[in-house]
2 protein chains.
Amino acid sequence: MGIFERKEGVTASSWIYDTLRQDLVNGRFTAGEKLAISALKERYGVGLSPLREALNRLAAYGLLIQENQRGFRVPRLARDELDDIADMRRALEGMALERAIQRGDAEWESELLAAAHRLKRADEAPEMEEEWERLHMRFHRTLVAPCGSAWLLRFIEQLHDQFDRYRRLAPGEPEVRHVLDAQHGELVELALARDVKGARALMDDHIQRSYEVALGSFAR
Amino acid sequence: MGIFERKEGVTASSWIYDTLRQDLVNGRFTAGEKLAISALKERYGVGLSPLREALNRLAAYGLLIQENQRGFRVPRLARDELDDIADMRRALEGMALERAIQRGDAEWESELLAAAHRLKRADEAPEMEEEWERLHMRFHRTLVAPCGSAWLLRFIEQLHDQFDRYRRLAPGEPEVRHVLDAQHGELVELALARDVKGARALMDDHIQRSYEVALGSFAR
DNA sequence: CTAGACCAAATAATCGATTTTTTATCTAAA
DNA sequence: TTTAGATAAAAAATCGATTATTTGGTCTAG
């Protein structure tokens, strides 16, 4: 029996879910907008049933707001909520990082170095935004992966998606961005040195700076 | 213009979602079981579309597992996962309680006293299990409500549902239960006294004891 | 004018039937 | 016996059409 059949079948429903999730995180919809379901049907070329299933999932995940009898809306962006999301990221990712450093094994160290390296190369290729986003997400995921709590990782991922709705809308700030990029490398160093305190402090700072960038999404 | 129209319309989809969520938390389905969609259709007397939408939401929420092309399964119960859930409850509810005590106002104090009182009366009426569960959930929600973070509250609620899958399956332990009931009152006292440290410690102990009860779901 | 009542158009929700994929069963060859 | 392949039955996913509800405009009474 082969071991390769885990190539999970993609259904229309799962495809449109992934696609919409990305588009929502990337700000391809206006915050506060009411989704015209039949328009989405056209735009993405999917049927009503898979589309509605995806919208239901996205609402349960927090990327949409569902109101009975009046469809789905894109959540508004609010400074209060960004504060909340950033706060929670600090608390949860800090906790996760601490545990990851205490529990991560040698294999983790390797993967972390690899992820950081891939990200660093993407830092220097400003044309491949999408690729950078993928690698950035993956780096942060790798960093906390061995924290030992599936639920913690789940919450963190959810918060990342929420946070990115703001960040990706904000204007780029090359100077801050440069600092943030450098911090990824420093995080790896502290993690490998098993410096829990230092790593937590740096992560706090990293999220704080990202938060300040994301605040730019409210610029007028 | 009236202010009462928030009586949100209940759709077939939202009804079956609520119903299934309760039934899942209450252990009316066997852990690990594969859901036969057409059987559910009969059992609950709903159509396929609203049912599938509800299942999709429940999967996104974590009360079901969705596998492309092969439907939905009830997650297995695993000691590891219960450990994780309890750990996270300690961390997140502790954090929320701390903040709630720092931020809760006089109105909160009143509601907290009321919630505790209602719960206490239900403690003594062993016939109304369902009612007690409602009030118990509500008490814990009230306790942390003014923590200031919508996301934290959301995660806590999700963890409660997960935790209760185990707890409600475990055999009752009247002695521990008595202690747990008493702790609710003590939590209120400490909260009103704004004793952050004390309240956190008690909450830790409360969750720990509940966890030990919930472990009974693995009894053979 | 303005609040409400009414109606038509638009949209959400749901149904019943069809298509696609998986799972179970059977058979023949190794 | 196994194992691979074929195939029938079951189940999941999707479609197209129908029903129910909301929304937006128009009219009328006060």
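**Two protein chains and DNA strand C**

I will begin with one polar contact, meaning a pair of N or O atoms within 3.5 Å: a phosphate oxygen of DNA strand C lies 3.4 Å from a backbone N or O atom of B:Ser13. Please keep in mind that this is a predicted model, in which local features need pLDDT of at least 70 and side-chain atom pairs count only at pLDDT 80 or more, while totals for chains, interfaces and linings use all residues. Residues are numbered from 1 along each chain as its sequence is written, chains are lettered from A in the order in which they are written, and side-chain values use heavy atoms, with hydrogens and water left out.

The side chain of A:Lys34 places an N or O atom 2.5 Å from a phosphate oxygen of DNA strand C, whereas for B:Ser49 the side-chain N or O atom is 3.0 Å from a base nitrogen of that strand.

Turning to the surroundings, 19 residues lie around DNA strand C, a residue being near if one of its heavy atoms lies within 4 Å, and A:Lys34, A:Arg52, A:Gln69, B:Ala12 and B:Ser49 come nearest. Of the strand's atoms that come within 4 Å of the protein, sugar and phosphate account for 80%.

Helix 3 of chain B, a DSSP run of H or I with at least four residues, gives the largest share of this surface, three residues.

Finally, chain B can be laid on chain A with an RMSD of 0.0 Å, by a turn of 180° and a shift of 0.0 Å along the axis, superposing C-alpha atoms of residues with pLDDT of at least 70 in both by least squares. The two copies are thus related as by a two-fold rotation axis.

Methods
Polar contact = N/O pair within 3.5 Å; in protein donor to acceptor, adjacent residues only side chain to side chain. Helix = DSSP H or I, 4+ residues; strand = E, 2+ residues; numbered from the N terminus.
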